[in-house]
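Here is a quick tour of one helix pair and one histidine site. Have the model open while you read.

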Amino acid sequence: MSADKHLQSWQERFEMAEAMQPLLGKLYRNQGVEVVVYGKPLLNASTIEIIKAHRLVRRHVGEKLRLRESFPFVQALSKLAVKQCKVDIGKLAVNYWRDHTDVSEIESYMAKELADAIDHADDVASRDVVLYGFGRIGRLLARLLIERTGRSNKLRLRAIVLRGGKKGDLEKRASLLRRDSVHGPFNGSVEVDEENNAIIANGTYIQVIYANSPDEVDYTKYDINDALIVDNTGIWKDEAGLGLHLKSPGASKVLLTAPAKGAIKNIVYGVNEGDITPEDIIVSAASCTTNAITPVLKAVNDKYGIENGHVETIHSYTNDQNLIDNYHTADRRGRSAPLNMVITETGAAKAVAKALPALAGKLTGNAIRVPTPNVSMAIISMNLNAETSKDELNEYLKDTALQSPLQNQIDYTDSTEIVSSDLVGSRYAGVVDSQATIAEGKRAILYVWYDNEFGYSCQVVGVMQTMLGLTTLSLPA
């Protein structure tokens, strides 16, 4: 191909991606239809991100999906009365072009494949959400909720609750939402309403409330009712402490973004969210590491059976560590986080059993905090009940990442060059690094990357939706 043809090809893809954007936006804002390409979301995606999502199809099916091949499916989708669902146009297009050579039957094909979502009754009411705490996870949850702003959005971020309230606090909180050293600038505009003590982000009006205890707030004063309170402070972890939220008028349910104590259900979205009942008013979304390893462990256990194993977490440092050596109640964590590898404990391996009882008592775990600000890795060493090989295990996990009910939790890479910074912003609970897999006989070792901030926050949103009965139909099945 000549240099001019390369440029012409790029121009064609770029223009096609630009033509997709308004259709994708209207589908979500007006009909609640979220479009993805083999799991990669196109909601609010740039032209380059749309092109890259199409390039990744080669990794799944062995050949690329051209934008000119998928664009007719977006057009056909925009003509259908499809509501409140997630549609993978990548899978629909690939399946269609395997048996067809022209566009004449695309609309009838789409109508058939998406029949379950056509004229789907949109009778589920929107629900109010309050973020109690506005740290690393709180701000990322805010970004995820704000990016879904629209008439059809069912999760409505209404308020954030903070301690403090000193002069200038509101602008500083807004600034932290605007700019992030790890995840980059906020995709949109953030304004401050000093008079009403609020932040307005992409049209989402977020009331800022100051309180020192969960039971001090009357949410109904702000027209917030029947709200889900997402506690991401990590201060209260048991039923007594988290139950304080429910004493505040306007609050109806509580979700903890950390492992819970006692009998509170620890939920890993994609694995055991079915355990949540309408009667559950306090739920935990477990930890980032538990979310990263449990889906992979479930997949392996379902096929091979796990006799026992050990999980070693290579974890980025967190806010509870010190920048320079200083007093800390925990062993070693007082030493400078940016300068040291720090051996510490993790309860993630044992916590797996709360979401996956089949592995109760079978796993041990430890952690090493390392001098990176985000993206961690779990090294999972297992003794299996059945024999396998590296190629067989990788092929199974690749298929799991593509076709199984865990496809939204597990991603898979066969890159020989990928490093931790490449996974910043990954929306998956965990990413299997196939090049590092070791398997022989009944022994296997897996290396699983995870964005311990953003990937975990995506999992939390899934638990939020389940708690509020806002599950989304995904097509094709």
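Axes here are lines fitted to C-alpha atoms, for helices over the stretch in contact, with angles running from 0 to 180 degrees between N-to-C directions. Helices themselves are DSSP runs (H or I, at least four residues), numbered from the N terminus. This is a predicted model, where local features need pLDDT of at least 70, side-chain atom pairs count only at pLDDT 80 or more, and totals for chains, interfaces and linings use all residues. Residues are numbered from 1 along each chain as its sequence is written, and side-chain values use heavy atoms, with hydrogens and water left out.

So how do α7 and α13 pack? Their axes come within 9 Å and cross at roughly 65 degrees, and the crossing is right-handed (the near helix is turned clockwise from the far one by less than a right angle). Contact means heavy atoms within 4.5 Å.

| Helix | Range | Residues in the contact |
|---|---|---|
| α7 | residues 136-146 | I137, L140, L141, L144, L145 |
| α13 | residues 454-467 | F454, Y456, S457, C458, V460, V461, M464 |

By class, that contact has eleven nonpolar residues, one polar and no charged ones.

Helix α13 has 14 residues and reaches 20 Å from first C-alpha to last, close to the 20 Å expected at 1.5 Å a residue. 14 of its 14 residues are buried (under 20% relative accessible area, 1.4 Å probe, protein chains only), so α13 is largely enclosed by the rest of the structure. Just after α13, G469 takes a positive phi of about 70 degrees.

Over in helix α2 (residues 47-55) sits H54, which is buried at a relative accessible area of 1%. Neighbours within four places in sequence aside, H54 is in contact with M20, V37, L65, R66, L67 and S70.

Terms used. Helix = DSSP H or I, 4+ residues; strand = E, 2+ residues; numbered from the N terminus. Buried < 20%, exposed > 50% of the residue type's maximum accessible area, 1.4 Å probe, protein only. Nonpolar A, V, L, I, M, F, W, Y, C, P; charged D, E, K, R; others polar. Expected span 1.5 Å × (residues − 1).
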